[in-house]
Structures are given as C-alpha cells and as structure tokens.
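Grab a pencil and work through these exercises with the structure open beside you. Each one sets a task and then walks through a solution.

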Amino acid sequence: MNVRITVNGVVYERNVEPRTLLAYFLRDDCRLTGTHVGCDTSSCGCCVVVLDGETAVKSCAMFAVQADGHAILTVEGLAQSGTLHPIQQGFWDQHGLQCGYCTPGMMLTSLALLKQNATPSEAEIREGLAGNLCRCTGYQNIVKAVQQAAGALITT
Amino acid sequence: MSTDSTKTRHSLGVPMKRKEDPRFLQGQGHYVDDISLPGMLSMAIVRSPYPHATITTIDIAAALTVPGVKAVITGKDLEAAGLGWLPTFHGFDKQMVLAIGKVLFQYQEVAAVFADTRAAAVDGAEAVRVEYEPLPVVPDPFTAKKDEVILRPDREAKTNHIFHWEVGDRDATMRALEQSATRVSRRIWFQRCHPAPLEPCGCVALFDAMGRLQFHVTSQAPHVYRTALSIVTGIPEDKIHVISPDLGGGFGNKVPVYPGYVCAVVGALKLGRPVKWIETRTENLTSTGFARDYHMDVELGATADGTLTGLRVSTVADHGAFDAAADPTKYPAGMFGIVTGSYAFPVAHAEVDAYFTNKAPGGIAYRCSFRVTEASYAIERAMDILADELGIDPVELRRRNFVKKEQFPYASALGFTYDSGDYHQTLQKALDTIGYTDLLKEQAEKRLRGELMGIGFSTFTEVVGAGPSRHFDILGIKMFDSAEIRIHPTGAGVVRTGTKSQGQGHETTWAQIVAEELGLDPQNIMVEEGDTDTAPYGLGTYASRSTPVAGAAIAVAARRVRDKARKIAAHLLEVGEADVEWTDYKFQVRGVPSRSVTMKEVAFAAYTNPGQNEPGLEATNYYDPPNMTFPSGAYVAVVDIDRETGEVRVRRFLAVDDCGTVINPLVVEGQIHGGLTEGFAIAFMQEIQYDAEGNNQNTNFTDYLLPTSLETPHWETAKTVTPSPHHPLGAKGVGESPNVGSPAAFVNAVVDALSPLGVRHIDMPITREKVWRAIRDAETRPAATVSAR
Amino acid sequence: MIPAAFEYVRAHSEDEAFAHLQQHGSDARILAGGQSLIPAMRFRLARPSVLVDINEAKELSYIRLDGTLAIGAIARDSAIERAPWTGDRRWGLLRDVSRVVADPVVRQMGTLVGSLCHNDPAGDWTTAALAARAEVVVRGTAGPRTVPIDNFLVDSFTTAVGEGEMAVAVRFPVPDDRTAGAYQKIERKVGDFATAAAAVQVSLHANGTIRDAGVALSAAGPCAVRVQEAEQLLEGQRPSGELIRAAADAASRSSEPQADLRGSVEYKKHLAGVLVARALRQVFTRLGVQP
Amino acid sequence: MKLQYSGQERIAASPDVVWAFVSGPEKVLTCVPELIEGTVRDPSHFEAVVRVAVGPVRGRFTFKFQMQPDPAARRMQMRISGGGFGSAVDMTAVSDVVAASDDATLLNWSGEAVMRGPVAAVGGRVLEAQANKLITQTFANIRERLSQEMT
C-alpha cells in the first residue's frame, strides 16, 4: 500500500507491503542505512529512530504503514549543514563509540531522553539507555557523551 | 579540524580523537548489509529443528512456487558440484556446507533459498518441507567419550574423540604434587558462550563482467578468506576480490568461513545475479562460532608456607559437531599453555581432549588469544581456592609466587618465554588505588554483622600476537602480518595493512605510528584495510595480534621509509648520508641544527628532486614477530551480596593493566571498558545452554543475556608500563586483557563473600539462584564445603 | 525475521476499529503498541491475516483522573511513567510498575491495556491491576461492558475479550490518602520478564488497622495470581513484622511458578515471599507507619 | 524443551469397549481437539491437522500418529510427531486400560512432549499450556465419546 512518510524533513512516498518493518523501509526503500538491525526480538536498540520529534521507537517493532503521515528522524538527520549535533560531538569527544553499529540508536535514544530530562544524572542516563545494547564501549563513555551533550544543549 | 594536529610531533601516546568516527556518527558507516546492487537477490537458509537426525526427504516444490523465489539449493546439489564440504581453519576437519544425509546440530544449514526480496526469501524458506528421522542425541562431551553413538562416521577414526594435546612434564608434575604439603583440586567449567557482535555475519557475492568474484563479507581476516575460497571453490585466487567493509564488532565471531558464505557464492554463480545473505540474530547465536566450553580439572600443589610446587590441568573440551575451532595448526588447544599464569611453577603439565557433540561448531578466540581466557580463569580461580585452603590472603599467595621482575625473559614450565613484566608493581598499584587495607577492615566488620561482602583479585598474564612463523600458521599460512606505506609528494600518505579493525580504531592508531616514526601529521595519513586488492597479505585481526604484529610491521616499514628519506635528505643538504641525523622529527646535518629538512620537504623532493636516488617514497614490511607479547594486569572486584535473593552488586572494579607502550590512551581505555563489560557479562550472564534433548536454550537476546548500561558496573582503570623488549614500539596489545582477566576477579569476589559459609567455588555464569542456593545449602549443612552449579 | 503477509487497516476511532473487527472476525488482531505482537509476528508464531491499527484512534490515548483513573487503549506506558499524579504515594504501585515494564524504549510504544490483553504469565501490569482491583472496559457486540480484572484474566495469554470484541480502557479506583502501593520485581536484566514479582496495595483505617489489602504475584501461575490468603491475613490487622512474615509465607505457598531459564520452582516460590515482604515494608514506609 | 503430563479417566464402560475405542484410529482421531482435518492411513497410522490459537500465536500443527497397541496388556502407545511454525513437536502418549470396580474402566495415561525450534525457544511460554491441553483434552474427549456411546 502507499505511504507518505517524512524522514529527516524529506517526504518519501513509497508503495510497501504492510509487513515491511519501519527499519527496512528506512534502509531499503529510503536507502538511509544508518538505522541498523541487530536482533529479532526488539532487544538491542540498534534500530531506534525518533517518531514525531520526541518519541524514541524501535523501528524493528513498528511497521512502515504505521508511520504513514508521520515524521521520522534518523541518524542521517542529526547533523545540520555539516555541523555535528551536540550529541554527535559528545560521542566523538568522549570516545563514546567503537564499532559504530549501536551508535545511531544510542544517539537517538539519548536525544529523546534529553528532551524529557535536560539535566539527567549518571543514574538517569544509565536507566534511560537501558533499552539499547552496546558490545564495545562498556557504556561509561556513552554516559559521559550524553552528559557533555546535555551541557552543550542547555548553553545553546 | 581538531587541535590534535598541533601534537603530531609527539603522536605516540597522544589521546587523539578517532579519525574514523565522523562517518559512524552521521550514519555513513559502510556495513555489508548497507550494500545494495542492481538485481541483487536475498538468500535465506532453512535450518534443522533437530540436533541429530536423518533427513528422509527435502521437498522444495512448494518453495519454488512462492512469488519471487528464484532457486533453492540443498546439500545434494553442492555435493554434486564438489562443494559439499568446507575445510575448517586449522585444517584437521571439514564442515558440511548444507546438510548431506543427516543433521548434526540444531539450526544446522539444510537448504538455501534465493529470492527477489528479503521477505520472499523467508517465505520460500518456510515453504521448504523437510522430513527428519530423529537419532540419539549426544548432548555433552562426557556422553561423547563413551563412543556409544559415533557422530562422524564420515571420518576415518570411528570415535567422537577429536584430539589429545599435552604440554609439560607429566611424571615430574605428578611427583611434585604427591610430595606437596598441600594439594587442592577442582573441576572448573568455563561455560559455552558466544561473542554476539551487534552486527550479525553476512555477505554480498557477485561475479562481475570479468568473471571475477566480488565478495563483500563480515571478515576479520579477508586475505585468509580469499585463499580459503579459492581452495574450496577452485576459483583462481586472482579472480577473487574480498572486501571486508566496516564491521559492527567481531570479537572472534567473524574469523571462520561459514556455510552461508559458500551458499551465497554458489547462488551468485548459478543465477548470475548478486546475492546478499545477512544472518538473523537467531542464526548468529545458534550456528556461528561459539567460544569456551572447557571442563578443566585443575590441581595445585604448594609447600606449607604457600610456595607453589606444581600445576596439573586436565581438560575435556566440547567442540560441537565439526571441529571448527579457529586455532593455529600446531596448537589445537591454542595458547592454553599460559595456564601457569603469572606464577613461577617449577613444573607443570596441561592436557586437553576434545570431543564431537550435537552442538554448533566453533571454539573461536572470543576476545582473547586462543584459549587464553580459559587458562587464565582456571589458574586465577585455583589460586584463590589454594589460598583458602592454606588460610593465606590471596594477595599474599600471589605475591609470594609471582615471576620476579629480574627473572624476565622468563621461560615458563609449559614452554613460553615471557618477554617482560613487573607483576609486583602492578599489583601494588592496584592495592594502593583500591585501598585494600580499608576494604579488609570494612569486610571484617560486615562479617561480624553477617553481611556478605567480597573482594576478588585476578593477576593474570596473557600471551598474544601470534605469531612467530616457526610455530604459528593457519591453513599452512604463517602468522606474520604486513604493512605498506606510501608517502605522497605533499607529505601526506597512506598505510595499508593485512589487519581489519572491528572498532579497535586502527584508522587512528596506525596513523599515529606512521606519524610518530616520520614526523608527519596523523590527520593526513590515511589507513586502508580489508580490501584484498590493495592491502598486503595479512592474517587479520583477532587474538590481540594487530598491534603486536601489524603495529610492528608499520613501525618497521616507516623506518624503511625514513632510511630512504635520509638518502634524499643528504642530497638536499649536500652532505654524505652518514652526516645526516634524525632528531626532533627532522633530518639535520650532524651537529648543525640550522641546516635541516623536514620529512615533508624530503617527500616533495622524492618526486621532484631525488638526486641520484630512486624516485618515490614508500616501503613494505612483512613482520614475523620473534616472540609473542605478554600483557598482564591486576584486577580487583568488590561485591556485596543480598542474602535473601542471591543478588550480587559489583560495588567497585579496578583494572590496572600493563600493555607496554601505549599508542593512544583514549583508545586503550575504551578497549579496557569494553573488555571488562564482556568479562562481566560472561561472569554473570552469558551462556549458550543445551538441554538434554540437544535444544539450544539461548537462541536470541531475550535469553542470551547481554548487560545494559544499568547492570554494567562503573569501571576504574590505571596502568603500569613495562615495554616489550622485542616489539619495535614496546607495545603489547590490550584489546583482550580485560576480557581474559576479569571473569576470575568477579568470581573470586563472589566466592570470597561466601567463603565464611564454606563456599569454595561457583561456576559461571553466576546467577542469583546459584548464589542463593550456595548460601542456603551452607546454612542447612553447616561447616561443609559447598559448591553450587 | 520478516512477518508473514497480512492486510492492514487503520482505525481512526473506537467505532471504526470495532467495525473492522466485526468484518474480519477471528483472523483480525488489534495492533496497539505492538511490542509483544510484532516480535511474535517476526518469528511467524503470530500470523494474523488482518491487523487493525488503533494507534490513530487518538480518542483512546487518554489518561483521565476524575471519579476513577481511566486509561485508554493506546495510552503509552511512558505516559503513565511521566503523568504528574504518579508522584503521589497513592499511585506508588502504578508508578513503580511503569518504570520496570520491558525497557525504556519499548515503554514509549507499549500500552497498559495491551499488556492486560496479552496476559503474559510473567506480566507486570496484569499483576498490578489485580492488586489495585482494576476493571477493564470491553467493547462487545452487545455494547460496552466492564469486567473486573479477576474475571478478565482467564488463562495464559487468554482473556475475557471474546471474538470480535476489543478492550478499550482500564479503570482503577482512586485510592484514598490512607492508601499506598508498591511493586517489587526481580528480572535477570532490563527488558526481561519477571523471574518473580509482587504487587501490593494497602488501605488503612483511621485507627491504623488495615482496611483493604491487594496482594498479587507475577510468574507464579498460568497468569498473574491474587494471593487471597495473604489479603485475608492482612485485613483488619495492625502492620507488624510477624504480619508481614505471615503474608509473605502465604504468598510463597500459593505461588505455582513454571521452572525455566529464570529459575527453579523452588527459587521462584522463595522469591515470591521475599518480594511480597519487601513490597509490604515499602508500602508501610510510604504510609508512614512503622511495622 | 521437554514436558510431561499424566492423568486418569474413569469411564462407565467395560474394558473391552474402551480398548476397542482407543485402538481404533478413526475413533481416536475424532477425539483430537481443535481438529481441522484428519486422515486415517491404515489401522495403525493417522494424521491430524490441528488449530493452535493461544494469545498471539495462531496457526496449524500437523501431526502424524503411529499407534503401537499391546492387546495382551491392553496398553496403547502412540508416537505423535509433527509440528508447525518451522518447529518440531514429538510426543508419546501411553494409555493403560484397567478394569475398575463395578462396571467402570480406568484409562490411565501419561504423555511426554519435546518441542524444538522457535516454538520452544520463543513460543515455549505460550505453548506449554497448549501442548498440555492437546493431550489432556484428547483423553477427556475419549471419555466423553464413550459415555455418549454408552447412553
């Protein structure tokens, strides 16, 4: 069926099977491959995107047809005119990534988290990111990255 | 773009931000599943629900009628094409690509379906009808040992026993143990677990217009894949191009060649279209390389005052249905000989017997040098059991038996020559940093109140950087590694190596090594890996061999570039080469600082004004390490235990690592955090369990437990630096130390907390229920020695 | 992991959704948060031929607190977690649960009503609903009806929602200010189902004795179970250590868990007691009484 | 995943009648719950397609029944193998026909089921109860049908 989904400000009109998961719509139909798929059970969070500007969702647990008429933000939409988003900058400065596979989902979950809580404590960040898995960093530098981003977002 | 550039002159040891990050941060990483080619087909695999069964029929008719399905292949088709079997890396066994006649483990590959879309491929796989006649299941190596059911009649020897390997002096060790004042022995099991990188394995295969195989694959060792594929398929090696793009983690899981890869290549050949195969998580956990599964009987002897007299380890290894353990040819049990650890044993003996079972094949080096994690865990756990028996503080027992600083290079009882180390200093740093005396005081007080607090140590030594070619090879290929450096006219350059980063940050650290050796800007040294058309032949990245082997190759190649540059500098400075010295990252006339040229100037001259010298500025080195490197560390875990529920809280964890010279402290710390987290996961969560019927119980992330940010402890790190005497930079490698060293620290801490109850050991993973049972059993059976499984 | 093909219809109102259900009968499934359904579909264990998506039926997204607390079919767990009133100790039970269901991202889509309809034996909301004596509003062919939670939860993954019917809301009685609740859950890691969990809600008389007690267990039977014996023990009594122990023992006895990777029957029965005791202590602390 | 069940049915009929029933494939077939279609291949083999519907899990299981009667001991063993959802389910059901006091017969039965594949790994928690019902209900239905025939 036909869907009209705004991804990173760009409207994508596509014809998809209802069973197409949002994650594969983004990857295969929009060719936005920054959204990753790491598991079969919606456990890993590599596929997290932001729905309608504030809700972090696992795009492997949502069908593309559900997003019809909605706006999706993916990792490709974070940087503005070549400038990294404060969250991207934080992950870079604090060495919050290694293999980079969980990074897009981590950053988008962080974004939604900071929209709800602008000044999270370490404990609150660890709670807020507990729906995303990382195998490389041990999370510690990711926490630092989110703290740096929180600071930067407040001052801006 | 970053202030790091100003620091190029001291590039080594600089916490430089990673050069590769911008693409990952912006979703521009390039992973295998990101590849999309015109006309590309998707492949899905039909797998067996039975762990051991005869295949009576495979009916593909219905599958072929599914819209979008283009073809289905089975084991018979492959056998007819001479591709029924795939050699395993160390060359002692072969593995079915698609089941032929019977299946030997649950989720084994039975048929491959090719279709226009991912969905159609899955629909097709679902439509393939396979009938099985179940056979008796061999669920563990102890059952296998009885040889009542022979799993591999295809092999010459009609037994489930795969190999016996041993090292050391058995008789002398037995004598030493018999004469020891104190002896302790314990069966210690290192459970089967799985590396589970977040990116599953996969590939895209196509034959281009030139009939050349373009093979994009998640591989930690692309060159070995090229050679292996050539051997398996008979395609000339020049007609195979292996590209390993960005990898979403590997941890050893992406070393072996998997059946799915061969199927994809066959499909691409058969259908003349590109074929993509991307594993599901379930497929990854149930069919690709697992790790560990060593049942180790460890025995230690000591004098009354706690001086070690001997060590004996006898291991039963579960290798699964095919012997696909990724160990060097001459080392079927890998580096298990490191089981003497950091201690001066006069004698020791270790043996390993491996068996086939109805489980997935593997036995890969999961974030560790081959079988080093098993060995380190065994000795560090056993040292605590001995300390308990002797009534000596485990710290004191370790101190008393450490190999002393002045004993290096140290020849171990099991044949390794440890390059360097200062174990006493590393441990002391750990004790001071964690505040050991205060912790002991707190623990004593808590024990009076009946509270359970534990302090656990692990003072491990690993052996990494395989390896010297006289000992180490894979498929006969010596385990050297390589680097090729080209400096461009403007002083920028490119370095290519045979290794392959999976997140370790080679694009940054390799550039730092070149920049350090040549006084250039690391921001302008491009690093290229993973493309067999451009990179020099190398054995790849695993077993912490990148820095010890490829890192050395880069340094040596850079020095060759510098030697050539010196000649050109002499020409530019109009003096003899002997009068040119390399000081402060530039060439100058000996003793005349005013007359100097920079490497940048020399690079330009190499292409514009080389004088009598051969133009150009590049060099290649194939580095054959004279020895392995031996990183070490002292780890401390502090835990509190909830008596009611058995819950363990890791209050503090300190890792003091000695990996020799540090190239990039930022990257090293990141590696340590990650390794500790996987060690924590292994100690408390990760396990691939099979039930008595041979069913895999942990087939996805809802039951194969990976810790989240909430369970993961806060890590404290520190370091001591004891350079490797034989490595050009003194570096030893670090990526795996924390995963090798930490499990024992966690378990030792938990057992220490429970020791007042008489608990001596708990096998990993340490679940709440195991701890609760240990406590309850101790309370119901006072004064008895308790062990929970 | 790709679901089997299905037909998708989007309902913009409760009436539309209901109409679709009537039309498609037993082959149709309601898609709310989808956080349990979609993974099951990816494994092709669930393969409905029609999905009726109610996420656009915005009229069902309410969380209304007037005579009762009414929560609509697409109100998200995260919305409950963030609702201003959850800070109030009277709602301590719901607040506790809203922070431990699944994981924080799944809670952005997951719904309370959906969890009740899924009726997982190890569910969190089902257990809380029992302790808080909730009732579910079911839209049936004969019009809407209200089903007490005890009758709503029929068996594992089975509820009182009949063919062609749909649950549209859940209602919680508003506790008075001498009421508090708590939820205690032990899970192997964030996102896991409960190894064991206990929900407790207690109301006191002015004289400090217990007027009403709700005690329920998760992962202790085919579906969430009410521990009547514990409730009867508590009612009319003054909070005390012995009372808590007695209630905990009753819970442990009445727990009938399945052994699985999360733990043995013995361990889960033990935990049931421990968690009920902890929940009760927490409740009494929230009520400012020292047992 | 291995599951075990057992039970007893008290039937108001003579052992001969009960034995005749439980050793007749076409009769037993009609007692399989949620039956969509059934086919009797020969006196000791029949097949059944049953509807599985628990919560989100809905689909069909196809089972092959093999009857192994021991008339002397009045013991009927059934090997039931099949599956669905890309998974396998193997069951064995043993029933003993025992004469009870007065004019009643006891049908003592025990069953064992092994589930493999996604059904066990993911759907196990959903389907355990269902597998139990399949076996329990079959024997309950046998009692029902027999008592109907008696009256």
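**Exercise 1: a helix and its end**

Just past α10(B), B:Gly391 adopts a positive phi of about 70 degrees. Keep in mind that this is a predicted model.

Task: check whether the length of helix α10 of chain B fits its residue count, and work out how enclosed it is.

Solution:
- Step 1. The helix covers residues 372–390 of chain B, which makes 19 residues.
- Step 2. At 1.5 Å a residue, α10 of chain B should span 27 Å.
- Step 3. The C-alpha atoms at its two ends lie 27 Å apart, so the expectation and the model agree.
- Step 4. Buried means under 20% relative accessible area, and 17 of the 19 residues of α10(B) are buried, so the rest of the structure largely encloses this helix.

**Exercise 2: where chain B meets chain A**

Task: describe the interface of chain B and chain A, starting from its area.

Solution:
- Step 1. The two chains bury about 4300 Å² between them, with 55% of it on carbon and sulfur atoms.
- Step 2. B:Leu25, B:Leu198 and B:Ser709 supply 18% of the area chain B buries against chain A, more than any other three residues.
- Step 3. Now the charges: there are six salt bridges between chain B and chain A. B:Glu678 makes a salt bridge with A:Arg135, and the closest N and O atoms are 3.4 Å apart.
- Step 4. Helices α1, α4, α9 and α17 of chain B each supply at least two residues of the side touching chain A. α17(B) gives the most, with nine residues.
- Step 5. Sorted by class, that side of chain B has 22 nonpolar, 23 polar and 12 charged residues.

Notes:
Residues are numbered from 1 along each chain as its sequence is written. Chains are lettered from A and ligands numbered from 1 in the order in which they are written. This is a predicted model: local features need pLDDT of at least 70, side-chain atom pairs count only at pLDDT 80 or more; totals for chains, interfaces and linings use all residues. Side-chain values use heavy atoms; hydrogens and water are left out. Helices (H or I, at least four residues) and strands (E, at least two) are DSSP runs, numbered from the N terminus. The expected span of a helix is 1.5 Å times one less than its number of residues. Buried means under 20% relative accessible area, exposed over 50%, partly exposed in between (1.4 Å probe, protein chains only). Buried area is the accessible area (1.4 Å probe) that two parts lose on being put together, summed over both. A salt bridge is a side-chain nitrogen of Lys or Arg within 4 Å of a carboxyl oxygen of Asp or Glu. Ala, Val, Leu, Ile, Met, Phe, Trp, Tyr, Cys and Pro count as nonpolar, Asp, Glu, Lys and Arg as charged, and the others, Gly among them, as polar.
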